[in-house]
Amino acid sequence: MMDPRWRPTVNEREFIEQALQSDLRVDGRRPFDFRKLKIAFGREDGSAEVELGETRVMGYVTAQLVQPYKDRPNEGTLAIFTEFSPMADPAFEPGRPGEAAIELGRVIDRGLRESRAVDMESLCVVAGKHVWSVRVDLHILDNEGNLIDAANIAALAALSTFRRPECTVGGDDGQQVTVHDSEVRDPLPLTIHHLPIAVTFAYFGDGNIMVIDPTYKEEAVMGGRMTATINSNGDVCAIQKAGGEGVMSSVIMQCLRIASVKAADITSKIKREVDDYTTEKALQKVKRTPALVAKKVNVPDITMKESTHSALENQASKAPNDGQQINKGIHTPKEFH
């Protein structure tokens, strides 16, 4: 079966490489410029869709109570799952995950777990018996290059907005766990210490030309690739280089310095979008407050000035039409909103 992945012609390959030698790229970017980044959130907490140029990835987070591992009875678990659909790229085959899907999941999983970005001990409910198992599903919607960086941002954005149900421990033996509904008790966010950002570099020629955020066509021409996962503090969380051309140590150090700057910018973008989403959800929750509750709160604030016993008796003896006119002068709780 022929590989359906796009293959560049000789002229296309030479054009891309010659443009890179002049510090230009096919889409007009500079070598160390990211494509435009957009982050959108779904209606439910823990759902995020990321657009990096024309590359689109959706992340969705769920959690359930499970038994912990015996060697770590006080820690929860975090797992990354990827789904490569043929609709995103004809080269993706349905069924078992291919090498690209396995590599993508491992790079993101290593960056999150090895750096201890998510506090696993906060996911413990009853030591040795009940812990929260957090699952991150990454769905590739459109592949236009650099899936690792887009999927990593989608995972971080989804984890930042995820809320797990609150649970209490009780019973005669103190081991009975009660999971409360979101209508009874507000769900709790995850404890995230930092955001490990993946920055992917593509190498061309003999490794002396490099760019970040390679496109689909640049990936077909590149001689090698390296992904550096780093947070806004400059801490290196993970480095992944899957084959390809060899790279000098001085080039790797230069890549880490560039990645540190890009990680700080992307971290600010994610936090800003998450804050806007959280504020919007809080306002929606206030608007959904039942009207009866608002009346009970506002009724004590309603006062009638200059009201005497004789005035009240005269109002009671008047016709119903007059009573309607009096009611118009009294502010209802609805008007105080």
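**Exercise 1. At what angle do helix H2 and helix H3 pack, and how far apart are their axes?**

The model is predicted: local features need pLDDT of at least 70, side-chain atom pairs count only at pLDDT 80 or more, and totals for chains, interfaces and linings use all residues. Residues are numbered from 1 along each chain as its sequence is written, and side-chain values use heavy atoms, with hydrogens and water left out.

Step 1. Two packed helices are described by the angle between their axes and the distance between the axes. Axes are lines fitted to C-alpha atoms, for helices over the stretch in contact, and angles run from 0 to 180 degrees between N-to-C directions. Helices (H or I, at least four residues) and strands (E, at least two) are DSSP runs, numbered from the N terminus.

Step 2. For H2 (residues 99-113) and H3 (residues 147-161), the angle is about 50° and the axes are 10 Å apart. H2 is therefore oblique to H3; angles under 35 degrees count as roughly parallel, over 145 as roughly antiparallel, 65 to 115 as roughly perpendicular and the rest as oblique.

Step 3. From H2, Leu-104, Val-107, Ile-108 and Leu-112 meet residues of H3, among them Leu-147, Ala-151 and Leu-159. By class, the contact of H2 with H3 has 10 nonpolar, one polar and no charged residues. Ala, Val, Leu, Ile, Met, Phe, Trp, Tyr, Cys and Pro count as nonpolar, Asp, Glu, Lys and Arg as charged, and the others, Gly among them, as polar.

**Exercise 2. Describe the backbone and surroundings of Asn-146 and Asp-213.**

Step 1. Most residues other than glycine have a negative phi. Asn-146 has a positive phi of about 60°, and Asp-213 has a positive phi of about 55°.

Step 2. Asn-146 lies in the loop between strand E6 (130-142) and H3. Asp-213 is in the loop between strand E12 (209-212) and helix H4 (216-221).

Step 3. Asn-146 is buried, at a relative accessible area of 2%, and Asp-213 is buried at 0%. Buried means under 20% relative accessible area, exposed over 50%, partly exposed in between (1.4 Å probe, protein chains only).

Step 4. Leaving aside neighbours within four places in sequence, Asp-213 is in contact (heavy atoms within 4.5 Å) with residues including Asn-146, Arg-25, Arg-29 and Glu-218.

**Exercise 3. Locate Arg-163 and Thr-191, and list their contacts.**

Step 1. Arg-163 is in strand E7 (residues 163-164) and is partly exposed, with a relative accessible area of 23%. Beyond four places in sequence, Arg-163 touches Asp-45, Pro-187, Leu-188, Pro-189 and Thr-278.

Step 2. Thr-191 is in the loop between strand E10 (188-189) and strand E11 (197-204); its relative accessible area of 33% makes Thr-191 partly exposed. Not counting residues up to four places away, Thr-191 touches Ala-117, Val-118, Asp-119 and Ser-122.

**Exercise 4. Decide which stretches call for caution.**

Step 1. The protein chain averages a pLDDT (the predictor's confidence in each residue, from 0 to 100) of 81, and 83% of the residues score at least 70.

Step 2. Over residues 291-313 the pLDDT is below 50, and this stretch has nine contacts beyond near neighbours in sequence. Over residues 315-337 the pLDDT stays under 50, with 11 contacts beyond four places in sequence.

Step 3. Where pLDDT is low, the predicted coordinates should not be read in detail.
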